[in-house]
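Trainee: Please take me slowly through one part of this model, and show me how its pieces fit together.

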Number of protein chains: 2
Amino acid sequence: MDTVFTNRSHGGTQGVYTHQSSATGTAMTFSVFVPDHAEGAQLPVLWFLSGLTCTYANVTEKGEYRAACAKAGIIFIAPDTSPRGDAVPDDDGYDFGKGAGFYVDATQAPWAANFRMRTYIEEELPALIAAQFPVADMARQGITGHSMGGHGALTIGLRNPGRYRSVSAFSPIVSPLNCPWGEKALGGYLGPDKAAWREYDACSLIEHGARLSDLLVDQGEADNFLHEQLKTGLLVMACRKAGIPAAIRMQPGYDHSYYFISTFMADHVAWHAERLIA
Amino acid sequence: MDTVFTNRSHGGTQGVYTHQSSATGTAMTFSVFVPDHAEGAQLPVLWFLSGLTCTYANVTEKGEYRAACAKAGIIFIAPDTSPRGDAVPDDDGYDFGKGAGFYVDATQAPWAANFRMRTYIEEELPALIAAQFPVADMARQGITGHSMGGHGALTIGLRNPGRYRSVSAFSPIVSPLNCPWGEKALGGYLGPDKAAWREYDACSLIEHGARLSDLLVDQGEADNFLHEQLKTGLLVMACRKAGIPAAIRMQPGYDHSYYFISTFMADHVAWHAERLIA
């Protein structure tokens, strides 16, 4: 792992790091914010998975999480959304290929060689963090994310019971099986057999028995993607049917941007802190 | 004035606007954050002048001011740092020409036609704000800024006694007469006669009798520009000699970036609020 830069910020250290990923076969860049802490102390970890077109940089620059994480004593980690580089295949659309990994392990050519973001986020990067950041208490992890990254947070949380003490999301894609973004991405990465898509669909995972102890979601009512792509109502129904206590908050006037995310970031950090810090 | 976009954020409206400036002879773009307020209410205004290379966008995206301004009930305005456009003369350096207006009215060719940021910030934009934003209480204004914009805030505050109830700065250039950035910019915009530079030099203005009722400055100790360009010590001495009560806080480990600015933004907003909201 190499350090790209570190900056002192909000009484902690905001770093950006790069490493060669075996999962994706490429260099991968991510950011980590570590609040000041006593020597030998360990702090819980909150993962933030970003949305379409984003890198680690969007939330790192615009997410407004540092004050809340410094106050609560939480490490904040922001990975990239896909492999990058000239050797990595891409698509003309913003919603497939680079910047659009969808947190799946692709099975279809030419994507399968590099687009293995599920393994990267579930296995490789946590192992790297545990090895490189002794301050990180990997027994206390929470996960959240935005849009495609909200989909990532929900599905990764649902597939790994006990791994994450807390799961939340900002304007998540709740059912890739039922929206154009999902049709394109999962069809491309996984092929036409929709049975293979189910483990990457939060609503389908819940319907088939996966559970979260509780859930916090914020969704802007003025979000242009709400009705065609995000379909928050499907998650409301799935949680209700499954008996998952879910605070799914519709926020009047808010859209899909970081102006929305940053508004509710401190709420989410505090919510995770309640579950990560006993 | 045209609206570029508005976004709901932190319980208020973050807007970006453009207008044709008579001061600069160009289109100018600025941002305004207006917290929610009762109909007919007026809110005080805090100006933020940005540093070299910046537009309104840097602080608008990375400044983390909205939560604090919404809480205090303060309007936050971020102008551009220079005229823009193909017809505007420029320099190869990042520290002169576009993105580097230094908040002066240039007198030298070819700069004098467009580079009139003093008139723009002191006269034209406040008049536009008063006309277009009835919610803005122009009898209660504060001003702050970063680096070149800290220089702008200090000199504009010092030259206009009674106009601003509160003046603060982040890592300001305190004496353009005594640093390479100032030598290049004021020499270029105002010509070689340094007598003409004095009204654009905070330390010189104080030495010649200009006063602030008090002052808050934050300056990172790990700022690469501290010793050659910013020279905070000159401001400390000038304020001490003049009897200006100044909290000039050296912040260990912090640099010149928005990771620093965002850390202390809430402090500055609260400090201005104490002076703007009786």
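Mentor: Let us begin inside chain B, where strand 4 (residues 43–49) and strand 6 (residues 136–145) run parallel and are joined by six bridges; two strands count as paired if DSSP finds at least two bridges between them. One of these links is easy to find, since Trp47(B) has Ile143(B) in strand 6 of chain B as its bridge partner. Strands here are DSSP runs of E with at least two residues, and helices are runs of H or I with at least four, numbered from the N terminus.

Before going on, note that this is a predicted model, in which local features need pLDDT of at least 70, side-chain atom pairs count only at pLDDT 80 or more, and totals for chains, interfaces and linings use all residues. Residues are numbered from 1 along each chain as its sequence is written, while chains are lettered from A and ligands numbered from 1 in the order in which they are written.

Helix 3 (residues 117–132) of chain B packs on the sheet and touches strand 2, strand 3 (27–35), strand 4, strand 5 (75–78) and strand 6 of chain B, contact meaning that C-beta atoms placed from the backbone lie within 7 Å. The direction of this helix makes about 140° with that of strand 6 of chain B; axes are lines fitted to C-alpha atoms, for helices over the stretch in contact, and angles run from 0 to 180 degrees between N-to-C directions.

Now widen the view to the whole sheet of chain B, an open one in which nine strands with mixed pairing follow the order 1-2-3-5-4-6-7-8-9. At its edges stand strand 1 and strand 9 (246–251) of chain B, each of which pairs on one side only, and from one strand to the next the twist averages 20°.

A helix from the other chain also reaches this sheet: helix 9 (residues 258–276) of chain A lies across strand 1 and strand 2 (12–20) of chain B, at about 30° to strand 1 of chain B. This leads us to the meeting of the copies, to which chain B and chain A give 16 residues each. On the side of chain B that touches chain A, strand 1 (2–9), helix 1 (56–62) and helix 9 (258–276) of chain B each supply at least two residues. Since 100% of the interface residues of chain B are also interface residues in chain A, the copies meet through the same surface.

A turn of 180° with a shift of 0.0 Å along the axis lays chain B on chain A with an RMSD of 0.0 Å, the superposition being by least squares on C-alpha atoms of residues with pLDDT of at least 70 in both copies. The two copies are therefore related as by a two-fold rotation axis, and in chain B the C-alpha nearest that axis belongs to Lys62(B), 2.7 Å away.

In chain A, strand 1 and strand 2 pair in the antiparallel sense over seven bridges, with Ser9(A) opposite Gly12(A) in strand 2 of chain A. Two residues lie between the strands of this hairpin, and His10(A) there takes a positive phi near 50°. Farther on, strand 7 (residues 166–170) and strand 8 (residues 215–220) of chain A pair in the parallel sense over three bridges, Ala169(A) having Val217(A) in strand 8 of chain A as its bridge partner. As for confidence, the model scores ipTM 0.94 and pTM 0.96.

Definitions and conventions:
Contact = placed C-beta atoms within 7 Å.
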